[in-house]
Amino acid sequence: MVKNIEILVLVFTMLISLASLSRIFFQKSWLEVSFVNESANCQNIKVGDRISQISGRIINSLGDFRLALENVKKGDFVSMVSNGEPASCIAIDDKNLGFSLREEKTKVLNFGIDIEGGTRVLLRIVGNASSTKSQEIAKILTERLNSYGLSDIKVLPVAEDLIQIEAAGLTEDDIRNFLVRQGYFEGKVVDSITLTNGKGSIVFNGTEIPFEISNETIKILDQIFNITESFYINEIKYEIINRTEDKILIEANIFTAKDIENIFTDVQRNYIIRYGDGYKFVFTIQISKESAERFALVTKGQPTYYSGGQLYIRPKLVLYLDRKPITELNIVSNIAGEPITTPSIEGWRKTIEEASLEKLRMQSILKSGSLPVELKIERVETITQTEGKKLFESTIYILVANLFAVIALSMIRYRNIKISLYILMVAISELILILGIASSQIVAATIIFLSLILAVVYKEILSIIRGLTIFVAVLISGFVIIGKWTIDIPTIAGLVSIIGNSGELITLTDQFVLEKKKRIEESKKTGMEIVYNSSTLLVFAMLPLAFLGLGSLKGFAITTTVGTLIDLFITRPAYLKLVEKEFIKKKEEAI
């Protein structure tokens with residue numbers, strides 16, 4: 001068994017790859033409600049529900065959904081089945097029930113949107129644009145999409161003022177209410193101050209600071225400002241946001257998104273609870289020490305009132321997103337004047353799914369930071385599976401044609417069907433191993449770690465060039481362990497290049513044909529030198545593409561390098577072992 005370690009390695013890696021890929025036969029798919037319009041008039045329909053029937057028609061795909069709505073008119077009553085229970089909607093427009101569906105399924109292999117379909121969005125930067133600004137916006141959008149959990153994300157500036165996004169599972173609701181939101185976040189202490197003959201006072205650090213309003217001006221701290229202007233007290237910005245004859249509403253800016261240092265995800269500070277006839281979500285953020293001190297100065301010594309047995313100060317902490325209030329919090333008197341660094345953000349939605357989605361959106365926006373400019377949706381395209389599937393099928397034909405060409409050439413050259421079958425086996429093995437790696441990060445880690453062990457066993461790391469080649473190959477291949485591999489058109493192009501390299505097996509076999517002049521061990525050594533020389537050139541050519549390339553270049557580089565690692569330590573050594581046995585057998589028969 002020790003003598004046949006190459007064969008054992010191939011069998012073991014094939015078994016774990018096939019075991020992982022076998023999960024494909026147990027995949028399930030369904031249609032899920034992705035968005036419910038505020039004006040929708042539906043019963044028993046909410047985000048996350050699985051729709052199986054509409055007006056008696058079985059719904060198995062988005063095409064079925066579109067066909068079911070083909071004859072629906074505004075005001076029509078439409079019955080359906082949601083989560084196995086009766087449901088209904090009154091159409092809010094022709095062919096529109098007020099909600100959207102997306103197709104969901106358990107995935108073994110992740111396909112890119114160029115194969116599986118998805119959404120392509122073109123966003124235009126409003127105002128002055130530059131390449132630096134577009135790169136910054138692309139980075140923020142990528143962080144938002146990553147934290148939002150969307151798959152196969154590609155964010156690419158295509159011009160100074162245009163950014164293209166491709167993502168599977170991105171809905172129009174996501175684009176408008178999450179992706180293009182500028183995300184300008186502010187926390188302000190808002191107070192309603194009573195006026196007496198146009199006079200009042202602001203409490204700051206426990207001290208009353210008098211002011212006087214006359215016509216459209218405010219006089220405070222011996223300075224006069226226009227009522228629409230902001231003014232500062234001890235470097236804290238104040239603004240008047242509303243005014244009547246006897247009251248003004250004034251706000252003090254405490255913190256912005258730049259002051260957010262952390263968003264807590266533990267269950268004590270990040271949760272959803274039943275509240276009234278809906279659900280309230282709560283999560284806690286950590287703000288900077290400076291903004292906490294501003295909170296202390298603005299809230300110290302404020303007038304108080306009782307409510308529900310609790311003592312509060314009169315001002316409230318109001319949180320804004322894109323200058324719209326999202327949370328209004330009462331401030332308990334015992335924290336007034338204290339530098340509080342962990343305020344909570346609250347929100348409410350009708351269903352738990354909508355509350356969870358809105359909480360995730362807000363957390364994603366706060367984590368990624370605000371966009372430096374406003375974005376406008378230029379175009380939204382739905383990418384269908386049709387074109388990708390045609391290209392995918394064409395690639396399969398190319399692979400099959402390539403294999404037949406190599407097998408035919410080997411038959412003509414060696415007149416030995418076993419060698420042709422070995423070449424076919426190696427090509428199929430490479431395909432299964434690469435797909436096995438793509439299907440599971442555990443399989444990927446196992447094969448890459450096994451390659452390192454074999455490098456030590458075969459003593460390949462003793463050579464500086466080979467050791468460096470192995471190190472770079474493992475480094476690039478590590479991308480498939482860090483994140484689940486997405487199979488897209490560039491990945492398939494990489495597969496074609498790897499499988500197309502089967503012609504190299506004929507060169508290896510030639511070393512044994514020349515065995516009359518060389519010993520078998522020398523033939524194997526020469527054969528592996530050929531493999532390493534070609535692999536070294538290929539791996540180092542892929543290095544800049546893997547780390548500096550964008551999009552398709554990176555995917556192609558990773559696929560090619562993973563295939564090269566498989567060649568070096570699994571398929572080529574096993575093939576040489578099989579061919580060696582074949583030529584030894586022929587030699588013995590000749591004797």
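**Figure 1. The hairpin of β24 and β25 in the predicted model.** In this predicted model, two residues lie between the strands of the hairpin formed by β24 and β25, and D322 takes a positive phi near 55 degrees there. Strand β24 covers residues 310-321 and strand β25 covers residues 324-332; the two run antiparallel and are joined by seven bridges. One of the residue pairs across this hairpin is Y312 with its bridge partner V332 in β25.

**Figure 2. The surroundings of E186 in strand β12.** E186 is found in strand β12. Is E186 buried or exposed? The relative accessible area of E186 is 7%, so this residue counts as buried, the limit being under 20%. Leaving out residues up to four places away in sequence, E186 touches N253, F255, T256, V318, L319, Y320 and R323. Among these contacts, V318, L319 and Y320 fall within the range of β24, residues 310-321, the strand shown in Figure 1. N253, F255 and T256 fall within the range of β19, residues 247-256, which is the subject of the next view.

**Figure 3. Strand β19 and its two partner strands.** Strand β19 is made up of residues 247-256. Seven of its 10 residues are buried, and therefore the strand is largely enclosed by the rest of the structure. Nine bridges link β19 to strand β12 (residues 185-194), in the antiparallel sense. Within this pairing, V189 has A252 in β19 as its bridge partner. Strand β18 (residues 236-243) also pairs with β19 in the antiparallel sense, over five bridges. Here N242 stands opposite L249 in β19. The connection from β18 to β19 is a hairpin of three residues. Strands of a sheet are held in such pairs through backbone hydrogen bonds, either parallel or antiparallel.

**Figure 4. The largest cavity.** How many cavities of 30 Å³ or more does a search of the whole structure find? The search finds two, and the largest cavity holds about 70 Å³ of space. Its lining consists of V189, D191, I193, I202, V203, Y238, I250, E251, A252, V298 and Q302. Strands β12, β13 and β19 are the elements that give two or more residues to this lining. V189 and A252, both lining residues, are also the bridge partners named for β12 and β19 in Figure 3.

**Figure 5. An open sheet of four strands.** The strands of this open sheet follow the order β13-β14-β15-β16, with antiparallel pairing. Strands β13 (199-204) and β16 (223-226) are the edge strands, and each pairs on one side only. From one strand to the next, the twist averages 30 degrees. Strand β15 (residues 217-220) and β16 run antiparallel and are joined by four bridges. Across this pair, T217 stands opposite N226 in β16. Edge strand β13 is also among the elements that give two or more residues to the lining of the largest cavity.

**Figure 6. An open sheet of five strands.** In this second view of an open sheet, the order is β2-β6-β5-β3-β4, and the pairing is antiparallel. Strands β2 (41-43) and β4 (57-58) stand at the edges with a single partner strand each, so one side of each has no neighbour in the sheet. Strand β3 (residues 51-54) runs antiparallel to β4, and two bridges join them. Q53 has I58 in β4 as its bridge partner.

**Figure 7. A68 in helix α2.** A68 has its place in helix α2, residues 62-68. A68 has a relative accessible area of 13% and is therefore buried, as this value is under 20%. Which residues is A68 in contact with, leaving aside its neighbours within four places in sequence? They are I54, R57 and I59. I54 lies within the range of strand β3, and R57 within that of edge strand β4, both shown in Figure 6. The C-alpha atoms of A68 and L409 are separated by 54 Å, and the two residues are 341 residues apart along the chain.

**Figure 8. Helix α7 and the residue that follows.** Helix α7 has 17 residues, 352-368. At 1.5 Å a residue the helix should span 24 Å, and its end C-alpha atoms are 24 Å apart, which agrees. The buried residues of α7 are A355, L357, E358, K359, R361, M362, Q363, S364, I365, L366 and S368. An α-helix has 3.6 residues a turn, so residues three or four places apart point the same way. Just after α7, G369 takes a positive phi of about 90 degrees.

Note on methods
Residues numbered from 1 in each chain as written. Predicted model: local features only at pLDDT ≥ 70, side-chain atom pairs only at ≥ 80, totals over all residues. Heavy atoms only, no water. Expected span 1.5 Å × (residues − 1). Buried < 20%, exposed > 50% of the residue type's maximum accessible area, 1.4 Å probe, protein only. Pairing = 2+ DSSP bridges. Axes fitted to C-alpha atoms, helices over the stretch in contact; angles between N-to-C directions. Contact = heavy atoms within 4.5 Å. 1 Å grid on protein atoms, 1.4 Å probe; cavity = no way out; pocket = protein on both sides within 12 Å on 5 of 7 lines; lining within 4 Å. Points joined across faces, edges and corners; volume = space filled by probe spheres on them.
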